[in-house]
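Take a look at the chain shown below. This report then walks through a few of its local features.

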Amino acid sequence: MHPDLKEIIPMSSSAVPRQVPSSTLISSNPGLRSVWRAVQMVARTHSSVLIHGETGTGKELVARAVHEESPRKHGPYVKLNCAALPAGLAESELFGHERGAFTGAVSRTDGRFQQAHGGTLFLDEIGELPLELQPKLLRILQEQEYERIGGGRTVRVDVRLIAATNEDLQQMVLQRRFRADLFYRLNVFPISIPPLRQRREDIPLLVGHFLRILAPRVNREVTEIADEALEVLKRWEWPGNVRELQNVIERAVIRSSGPRLEIPIEELMARSCSNAPMTQTLAETERDLILGVLEQTNGVISGPNGAASRLGLPRTTLASRMQKLGIVQRRTVLGDRGAAQPAIRGAQRRDRDGFAIRASPC
């Protein structure tokens, strides 16, 4: 079955709060709905916000949502990744410098705080901020003032700071890798974003959202997705979270030549065998999925209604995965010529009616 994506993910889903831009928060999960409620609560204040979440969960999107829901939404939104700050230039990037302050400073330059005056400054990967700069950041948070490098004049700014990290800042404080006073000043209003593996019900919503964005970019019109392919996406662990899902969907859109989304399932399957901590669980999931589809097709592997087509895989790839997973049939069935009869070889065990399992996956 290849359901229409418009039925899976309506263009205007009631699961998405009406005020939220669809590009920002897409979820039917209570955990992410609580994130949205937190955004609404803190946005109207001037308090600092600390966003915590794994890489790829959408911390910057939440930060932008806070800005766009705040009275500062008409002011500038400036962002800076602290992990990407050039060595020796971090202070200048943040606070600016006067002409002649150092070699190469040919003119006065405003830093990110000055650029964000009247708006919001988002500092991503705040745990990577050099220790020597942390007291200066603390001062500007407390007093809203600073001096440029090489200058003696105090500059006052009106900036709302939002910081994000995927690290445990409290642990970093205990290890003396992050200042305690700065942590408490940043942690006025913490927001934690759950990883995608804890909100798998959001995956169909996200798939539809990415398709609406990505398909027109590559001149594709994709309206169908196999149930089995969607099930694979929902069962994958997604260590890279939403960003990884977006990349997979983008590759699938590029590969798709017709209306059906051709998910690169073979890539996810192959990766399940290269990730030792997840191998057994994912292999069992993959095995159950393939067995279920083989049951539905009465053992037919190829052809328009075969298991390979339903899974969005080439026949040879499916046959290879079946061999690695120990799914044994007496003969390969092509097209709709009839169902295969299972064969029990050696120390095999029965798994579902009509198919046999031998060996261990991967």
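The text covers one helix, one group of aromatic rings and some unusual backbone angles.

This is a predicted model, in which local features need pLDDT of at least 70, side-chain atom pairs count only at pLDDT 80 or more, and totals for chains, interfaces and linings use all residues. Residues are numbered from 1 along each chain as its sequence is written, and side-chain values use heavy atoms, with hydrogens and water left out.

**Helix 9**

Helices (H or I, at least four residues) and strands (E, at least two) are DSSP runs, numbered from the N terminus. Helix 9 covers residues 203–217, which is 15 residues. From first C-alpha to last, helix 9 reaches 21 Å, close to the expected 21 Å. That expected span is 1.5 Å times one less than the number of residues. Helix 9 also bends, by about 30° at Leu-211. The bend is the angle between axes fitted to the seven residues ending at a residue and the seven starting there.

How many of the 15 residues of helix 9 are buried? The number is 11, so helix 9 is mostly covered. Buried means under 20% relative accessible area, exposed over 50%, and partly exposed in between (1.4 Å probe, protein chains only). Among the buried residues are Ile-203, Pro-204, Phe-210, Leu-211 and Leu-214.

**Aromatic rings**

Rings of Phe, Tyr and Trp (its six-membered ring) pair if their centres lie within 6.5 Å; planes under 30 degrees apart count as stacked, over 60 as edge-to-face and the rest as tilted. The count comes to four aromatic pairs. One of them joins Phe-95 and Tyr-146: it is tilted, with 5.6 Å centre to centre and 40° between the planes. Phe-95 lies in helix 4 (residues 90–95) and Tyr-146 in strand 6 (residues 145–147), so the pair ties together parts that are 51 residues apart in sequence. Phe-95 is buried, at 1% relative accessible area. Tyr-146 is buried too, at 3%. Ring pairs link Phe-95, Phe-113 and Tyr-146 into a cluster.

**Positive phi angles**

Most residues other than glycine have a negative phi. The table lists residues with a positive one.

| Residue | Phi | Place |
|---|---|---|
| Gln-144 | near 60° | loop between helix 6 (134–143) and strand 6 |
| Asn-219 | near 60° | follows helix 9 |
| Asn-241 | about 60° | helix 11 (residues 241–255) |

Is Asn-241 buried or exposed? Asn-241 is buried, with a relative accessible area of 0%.
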